[in-house]
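Work through the exercises below with the sequence and the 3D view open. Try each task before reading its solution.

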Amino acid sequence: MLGWYAQQARDLPWRRPDATPWSILVSEFMLQQTPVARVLGPWQLWVERWPEPAALADAPVAEAIRAWGRLGYPRRAIRLHGAAVAIRDQHGGEVPADHAALLALPGVGSYTAAAVASFAFRQRHVVLDTNVRRLLARVVSGVAYPTQTPTTAEMRLAESFVPMNPERAAQWAVASMELGAVVCTARSPRCQVCPLRRRCAWRKAGYRSWDGRPRKGQSYAGSDRQCRGALLALLRSADQPVEPSAMESVWAEDVQRDRALTSLLADGLAIELADGLLTLPR
């Protein structure tokens with residue numbers, strides 16, 4: 001698999017030798033539940049504007065939300081800003097190499113901490129994202145998809161595959177993610193070009209159909225997520241605080257609009273001023 005990766009890996013800017021730990025951390029925040037193609041442009045603009053954590057930390061959080069654009073799940077922008085503040089104030093402006101310190105940053109969970117420690121600092125960690133979980137489920141366990149959440153047995157299985165040498169472990173982590181992302185995909189796996197096809201238990205089992213809980217995709221059109229996005233886009237584009245009535249121009253349905261606005265306020269993505277006007281956080 002490492003040989004396959006050396007020849008077939010996509011040329012992504014956060015994988016290049018000159019990528020900084022900060023640029024890698026930014027990429028990991030942006031890639032959460034978001035395809036690579038949608039991240040490339042915003043990532044480039046982001047690291048050019050804020051090349052160091054302190055640059056983002058010194059900027060108003062509203063600017064981070066604006067710069068997040070239409071990447072989706074905009075709470076990530078607030079959390080990334082919070083991580084930048086913590087890095088500036090607690091780590092001298094440098095992304096910490098220590099796994100526990102990474103895990104303590106706002107918005108950094110177990111996957112992101114392991115990924116940054118591995119990709120930025122070449123440490124040995126189990127980097128277990130959705131793509132790797134699906135790859136292991138098929139190649140080792142012979143099932144089409146993993147369980148909803150990782151189990152202890154699954155973590156042990158993933159650990160058993162990680163090379164002991166930290167550099168090779170980091171290579172394994174990114175290679176297994178890449179194979180799951182571009183070959184062993186969820187809906188249209190390209191088994192004929194998979195370097196693990198002769199070892200794949202799912203292939204030997206005749207590509208056994210999934211017999212677990214139905215896997216339903218999320219519908220975006222007409223959803224609360226779409227409504228939230230429309231309201232937030234209005235706040236991002238406004239030079240001044242806006243009247244609540246202005247929200248009606250971007251989303252007509254009253255109950256859903258009120259629900260979406262309430263959630264934006266609760267998430268800290270919007271604030272209500274004393275006069276009732278609405279704006280981005282400051």
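The exercises that follow use a predicted model.

**Exercise 1. Find the centre of the largest nonpolar core.**
Task: State which residues of the largest nonpolar core touch the most other members, and list what W46 is in contact with beyond its neighbours within four places in sequence.

Solution.
Step 1. The largest nonpolar core holds 65 residues. Within this core, W22 and W46 touch the most other members.
Step 2. Leave aside the residues within four places of W46 in sequence; its contacts are then W22, V26, M30, L56, A64, A67, W68 and L80.
Step 3. Another core lies apart from this one. It has 18 residues, including A62, L232, L269 and L278.

**Exercise 2. Describe helix α3.**
Task: Give the span of helix α3, locate its bend, and name its buried residues and what covers them.

Solution.
Step 1. Helix α3 covers residues 36-49, which is 14 residues. From first C-alpha to last it reaches 20 Å, close to the 20 Å expected at 1.5 Å a residue.
Step 2. The helix is bent by about 25° at P42.
Step 3. V36, V39, W43, W46 and V47 are the buried residues of α3. To read such a list, recall that residues three or four places apart point the same way, because an α-helix has 3.6 residues a turn.
Step 4. The cover over the buried residues of α3 includes α2 (21-30), α4 (53-57), α5 (61-68) and α6 (75-90).

**Exercise 3. Classify two aromatic pairs.**
Task: Decide whether the rings of W46 and W50 are stacked or edge-to-face, and do the same for F161 and W172.

Solution.
Step 1. Two numbers are needed for each pair: a pair of aromatic rings is described by the distance of the centres and the angle of the planes.
Step 2. The model has 5 aromatic pairs. In one of them, W46 and W50, the ring centres are 4.8 Å apart and the planes are at 70°. Planes over 60 degrees apart count as edge-to-face, so the W46 and W50 pair is edge-to-face. Both of these residues, W46 and W50, are buried.
Step 3. For F161 and W172 the centres are 6.0 Å apart and the planes are at 5°. Planes under 30 degrees apart count as stacked, so this pair is stacked.
Step 4. The F161 and W172 pair links distant parts of the chain, 11 residues apart: F161 is in helix α10 (residues 152-161) and W172 is in helix α11 (residues 166-182).
Step 5. Ring pairs also join W46, W50 and W68 into a cluster.

**Exercise 4. Buried, partly exposed or exposed?**
Task: Assign F161, W172, T130 and G82 to one of these classes.

Solution.
Step 1. The cut-offs are under 20% relative accessible area for buried and over 50% for exposed, with partly exposed in between.
Step 2. F161 has a relative accessible area of 34%, so F161 is partly exposed.
Step 3. W172 is at 18% relative accessibility and therefore counts as buried.
Step 4. T130, in helix α9 (residues 130-139), has a relative accessible area of 57%, so T130 is exposed.
Step 5. G82, in helix α6, is at 22% relative accessibility and therefore counts as partly exposed.

**Exercise 5. Describe helix α11.**
Task: Give the span of α11 and say which elements its buried residues pack against.

Solution.
Step 1. The 17 residues of α11 reach 24 Å from first C-alpha to last, close to the 24 Å expected at 1.5 Å a residue.
Step 2. The buried residues of α11 include A169, W172, A173, S176, E178 and G180.
Step 3. Those buried residues pack against α1 (2-8), α8, α9 and α10.

**Exercise 6. Examine Y73 and R122.**
Task: Find where Y73 lies and what sits over its ring, then give the place and phi of R122.

Solution.
Step 1. Y73 is in the loop between α5 and α6. Its phi is positive, about 45°, although Y73 is not a glycine.
Step 2. The charged end of R225 sits over the ring of Y73, 4.5 Å from the ring centre.
Step 3. R122 lies in the loop between α8 (110-121) and α9. R122 is another residue other than glycine with a positive phi, near 55°.

Terms used
Residues numbered from 1 in each chain as written. Predicted model: local features only at pLDDT ≥ 70, side-chain atom pairs only at ≥ 80, totals over all residues. Heavy atoms only, no water. Core = buried A, V, L, I, M, F, W, Y, C linked by side-chain atoms within 4.5 Å. Buried < 20%, exposed > 50% of the residue type's maximum accessible area, 1.4 Å probe, protein only. Contact = heavy atoms within 4.5 Å. Helix = DSSP H or I, 4+ residues; strand = E, 2+ residues; numbered from the N terminus. Expected span 1.5 Å × (residues − 1). Bend = angle between axes of the 7 residues up to and from the residue. Phe/Tyr/Trp six-rings, centres within 6.5 Å; stacked < 30°, edge-to-face > 60°. Lys NZ or Arg CZ within 6 Å of the ring centre and 35° of its normal.
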